[in-house]
Amino acid sequence: MPVRPTTTPLLLAASTLLAAGTLTACGGGSGDDPDTVKISFKQSTDNQIRVMDTYLEDIKKQFEKENPGKKVKLVPIKAPDSEYYTKLQQMLRSPKTAPDLVYEDTFLINSDITSGYLKPLDTYLAKWKDWDQFIGTAKTAAKAADGKTYGVPDGTDTRGLWFSKGIFKKAGLPADWQPKTWDDVLAAARTVKKKVPGVTPLNVYTGKPAGEAATMQGFQMLAYGTGKDPLYDPAAKKWVTGSKGFKDSLKFVETVYDEKLGPDVSDALDPNFATRVRGELLPEDKLAINLDGSWLPQDWGKGAGHEWPEWSKKLGLAAMPTQNGQAPGKVSMSGGWTWAIPAKADNPDLAFKFIETMQTKANAKKWYIANSGIAVRKDVAADPTYVKAQPGIKFFTDLVASTYYRPAYPEYPKVSTAIQEAMESVTTGDSSVEDAASGYDEEVDSATDGQVIEK
Amino acid sequence: MLRALPVSPAVILLALFLAGPIGYCAYIAFTDLQLTGQAESSFVGLDNFREAFGDERFLNAVWLTLVFTFLSSIVGQNTLGLALATLMQRASKPVRTLTGAIVVTAWVLPEVVAGFLLYAFFRREGTLNAVLDFLHLPSQNWLFTLPILAVSFANVWRGTAFSMLVYSAALNEIPKEITEAAEVDGAGGWRRMWHITLPMIRRSIGTNLMLNTLQTLSVFGLIWVMTRGGPGNDSQTLPLFMYEQAFQKSMIGYGTAVALLLLLVGSLFSVVYMRLLRTEV
C-alpha cells in the first residue's frame, strides 16, 4: 500500500498548519505595537453599503496625518447585530484579541461594563472640551450603575408617530395633527376605523416575534409617558414591579388590538411585519398611524429597495404624547451606538485620541448626514446643513430633548423578553392586563434574582 | 504501538476539534456562564438541569420537538420518500427525471431560502390561501393558527428528497426475480410491499429514520425564518429555545445544558433505531 506512508506526512502537515492557523488566529492581535491603534466596528452584511467603512477610512487618513508615526488598523466584523455582539464579547475577553477601540450598542454596553470588558473614560472626558457639546441625555447613554461613563455616543435615534396625510384627509383629521394625550391617539384611530374602512388605523409593535421593536418602539414609548422611571429605579438600583404605569401601558396595547384599531393580530405577530410596514403598508397608504423610529426613510432613499422619495409629502410626523398630557408633553426613546475602549486595550490613550478626531464638529456632522443619524451634539444639531440634509431630521432631532435611554443593565434582555410576552398575551386576548402584569412581575423577579421594588 | 502511529494525527485532530469543544460544552453546562453581564462565572452543579425541568417553556419545547420530529421526519419525510421511490420505480423515464429534479431542488436549497419560500406559501396573502380562495374554501393565517403543522410541512417539503434517494437505492437492490415470482404467485401490490419489499429494505429504513430524525431534531433556520418560534411559544422547538436562552438572554450555561439534553434526545432515538437495525431479517 503506497498510500499509507504519504498520508502520514500529509496529515501531519495538515495538522501543523491547522494548529498554526488557530494559534495565530488567537494571537492575531500583534497588540504589542504601541504606535498602532486597532479599531473594531460592525461592517454591513450588504456589500453595497459601505457608509461606515468610507467614513472610518477618511478619519484614519486624517488621524495618521495629524499624528506622524502612528498607524490605524481597521478590524471590521461583518455580521448582523446579534452575531456582532457575540463575536465582540469573545474578543473583549482576552488581552490577545481585544482591540483598542470598539463600536458598542447602547443596548448591551452595560452588560459589557459589568463583565469588566470596558474602561471608564472619565479622566479623558474631563480634559476633553468637545464633551460639553454633547446633550445631557446622550451623556448618560453609556453611563453605568457605578456613575462612570464608558462610551462616547456617535449619534442616536428617536421615535414618534408617522401618519398618512392621505388617510387623515379622508377621515377628516388635520394634516398638522399633534395628539396631546393617549386618548387623542386612540380617538384618531377610531375615527379612521369608522371613516376609512380597509386601512389599518394604528400600528403598535407587539409580541415576541417583533422582538426589541415591541419593547422599545411599542411598550416603552407608552410606559415612559406614564411617569418617572417606569421600569427601573436608579436610586434603589432595582427593577420596578406592580406599577400602575405598566398596567396602563398594557391596557393601551390591549385596547388597540381588542377594538381592532391595530393590524390583524396574526399580522402583528408575524416576524417580518416591520419590513411590511416600511415596504408595503406605509407607501401603499394602508396604514394611518405608525409608532416607529426615525430611521424609516433609510428604506425609502435612492437604491434602498423601496424607493419612495415622495414620502415627506405623504407622511406627517407627530410626537408621541404622554399618557394624560403631563409635562413635558411628549416622549421618545433612544438607542444608538457609542465608541468605547476595552479594558484590555493596549493603547487606550491613542484610542481616545482617535475618538477626538472622529468627534470634531465637522467630522461628526459628516457622519450624521452619511448614516441619517440623529445628532447628539448641540453644535451639529443647530447647523443648517445638517438640518436640511433630510426631511424630518429637525423633528426627530428636537425630540432628543425629551428622550430616554433604556435601562440596559445586564438583566435587560430578559426583562425585555418578559415585556414582549406580556404584550403578546394581551394582544391575543389570552390573558387580562392584570394577569399579564403579574406574570411579568414574576418573570422579572426570577430574572433579576429578586432585585425588584414594588411601586 | 508503532502501528498506531499513522492514525495518531487523525486521532489528535479529532480530539482537538471534535471532542475538545464537546467536552468544553459539557463543562459549561454545569456553570452559570453568561455571554456578557457577569464578571466571573462559577460552577453550579446540576442547577441548569434542575431549572430546565422546572421550566414549563422547556417542557413545551421538548414536546414540540417530539411532535415536529414525529410529524415531519418519521411520518412525513420517511413515508413520502418511500412512496415517491416506489412510484418512481414504475414511472417512465421523463417523469422520473422531472420528479427527481423537483424534489432534489427543494433539498439543495439553502435552509433560509426554503424558509422564505414556505413563509410566502403559508402567510396570509400567500399562495396556499390564494388557492383556497379560488376553490371557495376558508383561508386563514396558517403560521398563526397551526404553526407547528406549517413548519412540519415545510420540513417535509425540504427533506423528503433525502429519503427518496435512500429508498430508491434500496429498492434497486431488490432482485427482480423475487418480485416477479411473488407476482406469479398472485400477490397483489400491497402484499408484495408488506411481505417482500419492506422486510428486504429494513436496514435502509433504520438508517434513513436515524439520519432523518437527527437532522430534524436540529432544524433551526427553517423555523426561525417562518415563525421565529411563535406565536407565543407555539412552534419553539428545542434548538430555538436554546438559541433564545444562550444568545438572546446571554445565558450560555443554561443554553448549553439544554443543548446537552437535546443531544440526549437524539441519542435515545438512535438507540431505538440501532436496535431496529440489529434484529435479524
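Biologist: In this predicted model, which residue of chain A meets the side chain of B:Arg57 in a salt bridge?

Modeller: A salt bridge requires a side-chain nitrogen of Lys or Arg within 4 Å of a carboxyl oxygen of Asp or Glu. The side chain of B:Arg57 satisfies this with an N to O distance of 3.0 Å. The partner in chain A is A:Glu421.

Biologist: How many salt bridges are there between chain B and chain A?

Modeller: The pair B:Arg57 and A:Glu421 is a salt bridge between the two chains. Polar contacts are counted separately, and nine residue pairs, both at pLDDT 80 or more, are in polar contact between chain B and chain A. The count of salt bridges between chain B and chain A is six.

Biologist: Which helices of chain B each supply at least two residues of the side that touches chain A?

Modeller: By class, that side of chain B has 17 nonpolar, ten polar and seven charged residues. The helices of chain B that each supply at least two of its residues are α1 (8-28), α5 (111-122), α12 (221-226) and α13 (238-248).

Biologist: What is the area buried between chain B and chain A?

Modeller: The size of an interface is often given as the accessible area lost when the parts come together. Here the contact takes 36 residues from chain A and 34 residues from chain B. Carbon and sulfur atoms give 53% of the buried area, which is about 2,800 Å².

Biologist: Which three residues supply more of the area that chain B buries against chain A than any other three?

Modeller: The contact takes 34 residues from chain B. Three of its residues supply 18% of the area that chain B buries against chain A, more than any other three. They are B:Leu35, B:Thr36 and B:Lys249.

Biologist: How many helices and how many strands does chain B have?

Modeller: Read along the sequence, the pattern of chain B is written with α elements throughout. The C-alpha trace of this chain spans about 75 × 70 × 30 Å along its principal axes. The secondary structure of chain B comes to 14 helices and zero strands.

Biologist: Among contacts in chain B between residues at least 6 apart in sequence, what percentage join residues at least 24 apart?

Modeller: Chain B has 281 residues, of which buried residues make up 44%. Its accessible surface comes to about 15,300 Å², and 70% of that surface belongs to carbon and sulfur atoms. Of the contacts in question, those that join residues at least 24 apart make up 70%.

Biologist: Is B:Tyr24 buried or exposed?

Modeller: B:Tyr24 is found in helix α1 of chain B. B:Tyr24 and B:Thr256 are 232 residues apart in sequence, yet their C-alpha atoms are 10.0 Å apart in space. Because exposed means over 50% relative accessible area, B:Tyr24, at 52%, counts as exposed.

Biologist: Which residue has its backbone oxygen reached by the side chain of A:Thr322?

Modeller: A:Thr322 is found in the loop between β11 and β12 of chain A, and this residue is buried, with a relative accessible area of 4%. Not counting residues up to four places away in sequence, A:Thr322 touches several residues, among them A:Lys180, A:Trp182 and A:Val331. At 2.8 Å, the side chain of A:Thr322 reaches the backbone oxygen of A:Gln326.

Biologist: Where is the cis peptide bond that leads to A:Pro328?

Modeller: Most residues other than glycine have a negative phi, and most peptide bonds are trans. A:Pro328 is found in the loop between β11 (320-321) and β12 (330-334) of chain A. The cis bond, with omega near 0°, runs from A:Ala327 to A:Pro328.

Biologist: What is the phi of A:Asp229?

Modeller: A:Asp229 lies in the loop between α10 (212-223) and β7 (232-233) of chain A. With a relative accessible area of 22%, A:Asp229 is partly exposed. Although A:Asp229 is not a glycine, its phi is positive, at about 45°.

Biologist: What is the phi of A:Asp285?

Modeller: A:Asp285 is found in the loop between α13 (273-281) and β9 (287-293) of chain A. At 32% relative accessibility, A:Asp285 counts as partly exposed. Its phi is a positive value in a residue other than glycine, near 55°.

Conventions. Residues numbered from 1 in each chain as written. Chains lettered and ligands numbered in written order. Heavy atoms only, no water. Contact = heavy atoms within 4.5 Å. Buried area = accessible area lost by both parts, 1.4 Å probe. Polar contact = N/O pair within 3.5 Å; in protein donor to acceptor, adjacent residues only side chain to side chain. Helix = DSSP H or I, 4+ residues; strand = E, 2+ residues; numbered from the N terminus. Nonpolar A, V, L, I, M, F, W, Y, C, P; charged D, E, K, R; others polar. Buried < 20%, exposed > 50% of the residue type's maximum accessible area, 1.4 Å probe, protein only. Areas by Shrake-Rupley, 256 points an atom, 1.4 Å probe, with all protein chains shown as cover.
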